[in-house]
Number of protein chains: 2
Amino acid sequence: MFSKCRTTLLSVCWILPIALSSTVFASALNEQQQQQLMQLKSVSLEASTAFDIVESLTTEVGARMVGTPGQKKSEAWAQAKMHELGFDKVWTEEVTSVKWHRGEVSAQITAPYPQKLVALALGGSVGTNGNTLQAHVAHFDTLDDLQAAEDNSLNGKIVFVSYKMQRHIDGDGYGKAVGARVVGAVVAAQKGASAFVMRSVGTDTNRHAHTGVMRYQEGVEKIPAVAISNPDADLLVRQIKRGQSVTMALNLSAGNNIEEVKALNVIGEITGSEAPQEVVVMGAHLDSWDVGTGAIDDGVGVGITLAAVKHILDLPQRPKRSIRVILFAAEEVGLHGAKGYVDARDSKLADHVIGAEWDFGNGKIYKLSPGVGPSALNTIRELAEYLSPMGVALTTDNIAKGQSDMSALGNLGMPAINFNPDGNDYFDYHHTENDTLDKVDQHALKHNTAVYTMFAYFAAQSAVNFRQ
Amino acid sequence: MFSKCRTTLLSVCWILPIALSSTVFASALNEQQQQQLMQLKSVSLEASTAFDIVESLTTEVGARMVGTPGQKKSEAWAQAKMHELGFDKVWTEEVTSVKWHRGEVSAQITAPYPQKLVALALGGSVGTNGNTLQAHVAHFDTLDDLQAAEDNSLNGKIVFVSYKMQRHIDGDGYGKAVGARVVGAVVAAQKGASAFVMRSVGTDTNRHAHTGVMRYQEGVEKIPAVAISNPDADLLVRQIKRGQSVTMALNLSAGNNIEEVKALNVIGEITGSEAPQEVVVMGAHLDSWDVGTGAIDDGVGVGITLAAVKHILDLPQRPKRSIRVILFAAEEVGLHGAKGYVDARDSKLADHVIGAEWDFGNGKIYKLSPGVGPSALNTIRELAEYLSPMGVALTTDNIAKGQSDMSALGNLGMPAINFNPDGNDYFDYHHTENDTLDKVDQHALKHNTAVYTMFAYFAAQSAVNFRQ
């Protein structure tokens, strides 16, 4: 029955479960809107809109780290793309960020068995001032082990933390691994180390190091911080396990000064037909690291959010509420775009009715977690019923506060939905040279675009106050 | 019946099909030898001998291109390893090869959309003498298309050939793609081009370029030759397809002079108990390219051939014939070790009864092709019957002449067997930075070691003249 239904009268069949649900609570969408929602789903699952946008961004701009020529190009590209797609309003908002110069890294084991290592500076690392730093390696399995080392026990040494990130559908391993990247250099310096080296925070076995932001601490010496690729970390561990003293040489031409720069949030909106002052928000970040072309992180987010609006723009009329896409500046270096966005606004973001970010790669969405008021939960259940046949399950275990940039808005009380994709392979490419267009799974991209299109349309057509 | 047999009386059960076969032709092995063959199989499928050898080579030596410090280290390592494993004789034979300096490559698209490209110089390429070469790109889908271009039609241009190698179990796609690597720079120069750029000969989508040897031709200008990674080739094609003129900049610090150097074939042998002057030969190459650690190409060949002999050495007595492992020098730059080996010997290699090389990665062997005389084919059928339960099928479609280095011996009339592994993923790693120990499938390595151990034992115990 279902399969026949699916192939003949899709939209009518789809209305059925919702009609049944309406015996429990009022549906947010009328029948015509439900049909339109199904049309949007159908279009999104077929169209290459999102992929075409990612293709354009990665081909015509590529890497776009804050403070590089790619940043300015991406800002111009994003505004032009929004105009091209037919957004009703396009504007930019300037925020303050930082510029860091990566330079080159030369890293090698010099004893007992000299071999070159593939390495990248962590984002924000100082360099070695034209000198090559050579020192004995002090090896720790984890950041905790490093933290337990006695003061001055590492004087002059190069600290190496070999903790290996685990693969998981929800990216759970990242949280356990990324601490070393962020604070490892500070902890090592506090114990007297001359440099900090870590196994990349990544799940791949490619000879690509994973960069990502690190922090120094006032009053603690700034020492160079690099990540080496997983195969290189394996090699270093194997040499260490042979029991002889291991020495390394490091030379980083990274800039020692962080310079303040301006960057733009690029914002586009379609104007609601009945309540234009109420805004449904979708976010992604426009910046990327400098080593790849930012296809997965976060080109697909740019593609999905812009494509969702484009599909809604193609309807004969605008939904009731406005829909805004914010392409945030400078996410990678510390959510600077999102912070600038909220700093420029009313502290409660009262006109932001609900928001969702896309910044977690390109696996298929399989779960949604709402962060809404108790009354609005039934409305979310209705949305979940539309998404359920696509394999997207509702979970209310956690209260969503918004992902990535959107967390800055969620933390101020804006209702949010987190859509969770299969993140198993995200950290194979994350923050590496390997983040390129070919990694985008076009089938998953269409699925995810359909989910975001349906979410945006649903939220913009409903009259529900998601705060309540 | 079979499963019960397998778990209780393995060796006896195994003898059965061979005993049946003996109604057709005399078995090469007696019952005790058949039992020993099954013991060797069993040991080889369990032991980590081959992996331990590859681990040692990649950890303690790593990259070992001819003319680099790694070459000398690998030669010392190989002799020490043969002694450690208990070979009866270990010696070296000096051959003449060439030293080339890779240097660094800087490659980028400069218009219409400037982006950096991941590139490697092809082996033997000249550099740009400290200058940056900037020119328009002339794009060809294939080497054939380039060859069809008119003389002087490419004056000053950078030629780009974008042909994409296809994945295939027998590596079939390599032959179709590698021609451009070897002669592309000559053809481009003949038409007036200033440099030659090609899509890497590889099946992966990693941001790793694949190096490999290229040739210049007397009387044709030597122009720089580089490979770019598959994702970078995709990017370049996408920019070209937008229809605007595309320009590139190239700077290679590769050395312009090829210097003659000496390298060593490292040879180990166990002495036959009855016919020591008759030698069963196994080969692999000791050198590697400089960018990876030569785990797959050809560390596994070193591991498999040495481990096969080690397992036979552990038997209570030596087989009838001698078994020789030749770790060839300088395969990558032109089979120089193999050529030196045959040049130093009787032109018929009459004492070399049969040979097999391992130089095709680490997929599981699924096929063997003999190159033996018609009478000896029945003996090969017997070997194939032992290997058949392991999923290794006999094919007589082609007459094997020996693979890689061993072809130099096979071409002189030495009988050979080609063992064919599943080569589907070999060209994901071939000649890249990514050729590291973690890529070695230990299960397949044991399978392949078992096949080589059984082959070596079988050939060394038989009295068959494989030439007849």
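## Two-chain model: sheet, interface and a buried valine

Strand E8 (residues 225-228) of chain B runs antiparallel to E4(B), and three bridges join the two. This is a predicted model. Chain B contributes 32 residues to its contact with chain A, and chain A contributes 32 residues as well. The two copies are related as by a two-fold rotation axis.

**The sheet of chain B**

- Eight strands of chain B make up an open sheet with mixed pairing.
- Their order is E3-E2-E9-E5-E6-E7-E8-E4.
- Strand E3 (115-117) and strand E4 (119-121) of chain B are the edge strands, and each pairs on one side only.
- From one strand to the next, the twist averages 30°.
- Opposite B:Ile228 in E8(B) stands B:Ala119.

**The helix across the sheet**

- Helix H8 (residues 230-241) of chain B lies across strand E2 (105-111), E3, strand E5 (133-140), strand E6 (158-161), strand E7 (195-199), E8 and strand E9 (247-252) of chain B.
- Helix H8 of chain B runs at about 140° to E3(B).

**How the copies are related**

- A turn of 180° and a shift of 0.0 Å along the axis lay chain B on chain A, with an RMSD of 0.0 Å.
- The two copies are thus related as by a two-fold rotation axis.
- The same surface serves both copies, as 100% of the contact residues of chain B recur in chain A.
- Which residue of chain B comes closest to the rotation axis? B:Asn206 does, with its C-alpha at 3.9 Å.

**The interface**

- About 2,400 Å² is buried between chain B and chain A.
- Carbon and sulfur atoms give 41% of that area.
- B:Thr59, B:Arg207 and B:Arg238 lose the most area to chain A among the residues of chain B.
- Together these three account for 24% of what that side buries.
- Six salt bridges are counted between chain B and chain A.
- A salt bridge links the side chains of B:Arg242 and A:Glu55, at 2.7 Å from N to O.

**A:Val302 and its surroundings**

- A:Val302 sits in helix H9 (residues 295-313) of chain A.
- Is A:Val302 buried or exposed? A:Val302 is buried, because its relative accessible area is 0%, and buried means under 20%.
- Not counting residues up to four places away in sequence, A:Val302 touches A:Ile53, A:Leu57, A:Trp77, A:Ala284, A:His285, A:Leu286 and A:Leu327.
- A:Phe328 is 26 residues from A:Val302 in sequence, and their C-alpha atoms are 9.6 Å apart in space.

Methods
Residues numbered from 1 in each chain as written. Chains lettered and ligands numbered in written order. Predicted model: local features only at pLDDT ≥ 70, side-chain atom pairs only at ≥ 80, totals over all residues. Heavy atoms only, no water. Helix = DSSP H or I, 4+ residues; strand = E, 2+ residues; numbered from the N terminus. Buried < 20%, exposed > 50% of the residue type's maximum accessible area, 1.4 Å probe, protein only. Contact = heavy atoms within 4.5 Å. Least-squares fit on C-alpha atoms with pLDDT ≥ 70 in both. Pairing = 2+ DSSP bridges. Axes fitted to C-alpha atoms, helices over the stretch in contact; angles between N-to-C directions. Buried area = accessible area lost by both parts, 1.4 Å probe. Salt bridge = Lys/Arg side-chain N within 4 Å of Asp/Glu carboxyl O.
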